[in-house]
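Reader: Can you pull up the model? I'd like to go over the ligand site and then a pocket.

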Amino acid sequence: MTQSINEVLSLTTPSPLDLFRPDWDGAETLTIYIKRDDLIHPVISGNKWRKLSSIFADTRDIPSHIVSFGGGYSNHLHALGYLCYVLNIRCTAIIRGDYSQNMTPMLSDLKHWNTDIQFVDRATYARRHDERFVHELRQQHKGALIVPEGGSASTALSGLKMMMDEISVSFDYILAPVASGATLAGIASSLPLNKKACGIAVLKGQEYLESLVSDLMPHQCDNWSVDHRFHGGGYAKKDKTLLDFCYEMREMHNIPVEPVYSGKLFFALKNKIAAGEFPAGSRIIVLHTGGLQGARN
Ligand SMILES: *Cc1c(COP(=O)(O)O)cnc(C)c1O
């Protein structure tokens, strides 16, 4: 019998669903669970696995070469580079900016996993969604699968549906961080209409994040929203309040978080609870999307 990809990669799926009982003001009337996608695998992180999983679903038919994009700390490229290394797939990573003289821990890992790393300037990187640019890449890398930044293609949604199918408790709200929007799009499109998905924007995207999410969805529904109050000034921006809060999550609640995604997510949860935004008795699921490697210096 052929092994499933989850067995080949030793993934912990279904990921745990843990009850979370913080001593926060207002939390005593709520039931909160954390969906621990951060525990799926030590390297293949949370939502990045969910978004990539459909590519590897059939182990007899996986691509021989994958090309993708990201910044110097990209959780997506880190997961992808490792997957390709383990599955013996050629991997080309197109990186925004030239880190050749100061490799990040993420890039050093990619190098170790034999990823072909190509540094490009910001103007070139800005063309990553451009049809002509993608066409040129196809010519250059014949037969390769080209995966968009963050793994955020419409094919990513089925992996999020699998995550949703793992949840067997009843709930009213599900919270997740939002950057490219694919995770929220996947959650919302497989969510029953009487439940609400709350995306927490981790970057300044007031004008466009909602359309990124809805453009990825196969059908429109209004059971989701994006909260823009908690990005803290922009992507990867962090102040002392946020860093202290991440410390509190790790030390007092034993939940590892980093300031770019999960730190902002739980900080939003705490503040939304304090503001009384969830009616008493609500049942809330918080999706921990992983990403801890990105916090290394
Ligand atoms: C990429 C990432 C996100 C954002 O997911 P999108 O699908 O791009 O919105 C959230 N959390 C972590 C840990 C990530 O690495």
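Reader: How do the residues of the shell around the ligand divide into nonpolar, polar and charged?
Author: Five are nonpolar, eight polar and two charged. Here Ala, Val, Leu, Ile, Met, Phe, Trp, Tyr, Cys and Pro count as nonpolar, Asp, Glu, Lys and Arg as charged, and the others, Gly among them, as polar. This is a predicted model, where local features need pLDDT of at least 70 and side-chain atom pairs pLDDT 80 or more, while totals for chains, interfaces and linings use all residues. Residues are numbered from 1 along each chain as its sequence is written, and side-chain values use heavy atoms, without hydrogens and water.

Reader: Which residues come nearest to the ligand?
Author: Lys48, Asn75, Ser180, Thr183 and Thr289, of 15 around the ligand. A residue counts as near with a heavy atom within 4 Å.

Reader: Which element gives the most to that shell?
Author: H2, with three residues. Helix H2 spans 46-52. Helices (H or I, at least four residues) and strands (E, at least two) are DSSP runs, numbered from the N terminus.

Reader: What is 2.6 Å from a nitrogen atom of the ligand?
Author: An N or O atom in the side chain of Thr289.

Reader: And how much of the ligand does the protein bury?
Author: 97% of the 380 Å² that the ligand exposes taken alone. Areas come from the Shrake-Rupley method with a 1.4 Å probe; for residues, only the protein chains shown count as cover.

Terms used
Polar contact = N/O pair within 3.5 Å; in protein donor to acceptor, adjacent residues only side chain to side chain.
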